[in-house]
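Colleague: I should like to understand the reasoning behind the terms used for this model. May I ask about them one at a time?

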Amino acid sequence: MKEEAILTEEKTLDPQDWSALNELGHRMLDDLFYYLETVRQRPVYSKPTTAAIASAKQPLPEMPQDAASVYKDFYTNVLPHNTNNIHPRFWAWVQGSGTPFGMLADMLAAGMNANVSIGDNMPMYVEKQVIDWSKEMMGFPDTASGILLSGASLANITALIVARHHANRDIKTKGLQAVTGPLTIYGSSETHNCVLKGVEVIGIGSDNFRKVPVDDNYRIRIDALKRMIMEDRAAGCQPFCIVGNAGTVNTGAIDPLHELAAIAREHQLWLHVDGAFGAIPRLLPEFADQLKGLELADSLSFDFHKWLYVNYEAACVLIRDPELHREAFTSAVNYLTLHERGLSAGPDSLNNLGMELSRGFKALKIWMSLKHHGLETYRQLIRQNLQQAQYLAELVQLQPELELLAPVPLNIVNFRYDPGHRTEQELNALNKEILMRLHEQGIAAPSYTVLNGKYTIRTAITNHRSRLEDFELLVKEAVRIGNQLTQSS
Ligand SMILES: *Cc1c(COP(=O)(O)O)cnc(C)c1O
């Protein structure tokens, strides 16, 4: 009797009624499939309503709420106002579009709730498989090491930490005080901001990031790079790393990586390549020339969640020298030593390769997606996006009111509306207004950048749902809004 009383008092977060949750779960799945299947029919952007925003300002929930009513709150307030990078006309920043199969894989990973850090368990082996596939895709030797991370930002920092360790192994214990003369790092002025943040965070300091000027194609100027390294050496600095861009965020420019590799070798510098999205065309034989040298880098970052369309978040860093990688992050602690048998046996702990100890099972959605779609499908989709970029550039050039503002070496198209007789300042304001109206009217979602002082409408195509007609609509509507704005003023 007494025993029974105790048992009924024991709580768990598992449902009391499994079949009710099962039914709700199936409804969620049905709703999400419908949501993805019909995404094209909805506007690309819808501003969160006042009611929706208020729904995210509720008091801290003290008492339990019914699962179905919590889901209803999500369904009515959260879901309709997505970032919407799943939409066929979403081309803002560089964001991937995800897949329905990836969604399912994430559900399986969440159900397993694996902490992929240590131990003799399959999630560890699946991640290792994904790293092995990554090395093969990028032409890295199979002796290289690597780890999955949330995004290229973290992948870049992880690589920079290994590069710093390569420059001076005492930094790990003694800090930057161990270095005489500041460590300096080089990358083009088009290098992504997250690299600069990384340089700040790991103590190098952004003043010691040398922004090397670019040529007309937004590629790093090799002559300037060489000169800057020489000058820094002469001034007592310690050059330690070059960052090459495989696909800059502004225009998709690919630095001459092969030449960067030669300079790095000559000066004994670390070569890191930020290939967040631009490393992916390495899968295409026709890019062998443009991406030549990528496989020579000491480290390489790339995202699965951008141009391989894997659901957020998923990125990878590869490091050529596995010992150096491990040495930069490992520290022996009693509660994490591997055992010969049992739960704590198995492969080397992954926290020896990065900052994170607890890590989710990101590898599963990558592993399942690559298997299900196959590289051949990815090649076709990447080519499709590249062709769409060329098509959009042509449409822009055919339109007298539009101006193409940068070369299109990859999947990024920069253009603006220019009806003539306007100052640069007026054009900047006009194009910003066009962009905001494209968003507000739910038509299309490119984003923006500034190139040589010119505000550009920037279209980054890492979207497997886009069709040629979507780009025709973008051009037509940009011109329509532009004409409307200039005729009414
Ligand atoms: C997107 C991007 C990054 C940052 O990657 P996240 O996955 O967003 O962290 C870095 N470099 C380039 C070139 C990018 O396009």
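Colleague: What makes the pair formed by Asp303 and the ligand a polar contact?

Modeller: In this predicted model, a polar side-chain atom of Asp303 lies 2.9 Å from an oxygen atom of the ligand. A polar contact requires a pair of N or O atoms within 3.5 Å, so the pair qualifies. Lys306 also places a polar side-chain atom 3.0 Å from an oxygen atom of the ligand. For Asp274, the partner is a nitrogen atom of the ligand, and the distance is 2.7 Å.

Colleague: How much of the accessible area of the ligand does the protein cover?

Modeller: On its own the ligand has 380 Å² of accessible area, and the protein covers 86% of this.

Colleague: Which residues surrounding the ligand are the closest?

Modeller: The shell holds 13 residues, and the closest are Ser153, Asp274, Asp303, His305 and Lys306. By type, the shell divides into five nonpolar, five polar and three charged residues.

Colleague: Why is helix 2 called roughly antiparallel to helix 5?

Modeller: Helix 2, residues 18-37, packs against helix 5, residues 100-112, at an angle of about 155 degrees. Angles over 145 degrees count as roughly antiparallel, and therefore helix 2 is roughly antiparallel to helix 5. Their axes are 11 Å apart, and the crossing is right-handed.

Colleague: What makes helix 10 roughly parallel to helix 11?

Modeller: Helix 10, residues 222-234, and helix 11 pack at an angle of about 15 degrees, with their axes 11 Å apart. Because angles under 35 degrees count as roughly parallel, that term applies to helix 10 and helix 11. Helix 10 passes helix 11 in a right-handed crossing.

Colleague: What is the phi of Gln268, and where does this residue lie?

Modeller: Gln268 has a positive phi of about 55 degrees, although this residue is not a glycine. Gln268 lies in the loop that runs between helix 11 (257-267) and strand 6 (270-274).

Colleague: Is the peptide bond from Tyr312 to Glu313 cis or trans?

Modeller: That peptide bond is cis, with omega near -10 degrees. Glu313 is found in the loop between strand 7 (299-303) and strand 8 (315-319).

Note on methods. Residues numbered from 1 in each chain as written. Predicted model: local features only at pLDDT ≥ 70, side-chain atom pairs only at ≥ 80, totals over all residues. Heavy atoms only, no water. Near = heavy atom within 4 Å. Polar contact = N/O pair within 3.5 Å; in protein donor to acceptor, adjacent residues only side chain to side chain. Areas by Shrake-Rupley, 256 points an atom, 1.4 Å probe, with all protein chains shown as cover. Nonpolar A, V, L, I, M, F, W, Y, C, P; charged D, E, K, R; others polar. Axes fitted to C-alpha atoms, helices over the stretch in contact; angles between N-to-C directions. Helix = DSSP H or I, 4+ residues; strand = E, 2+ residues; numbered from the N terminus. Parallel < 35°, antiparallel > 145°, perpendicular 65-115°, else oblique. Left-handed = near helix turned anticlockwise from the far one by under 90°.
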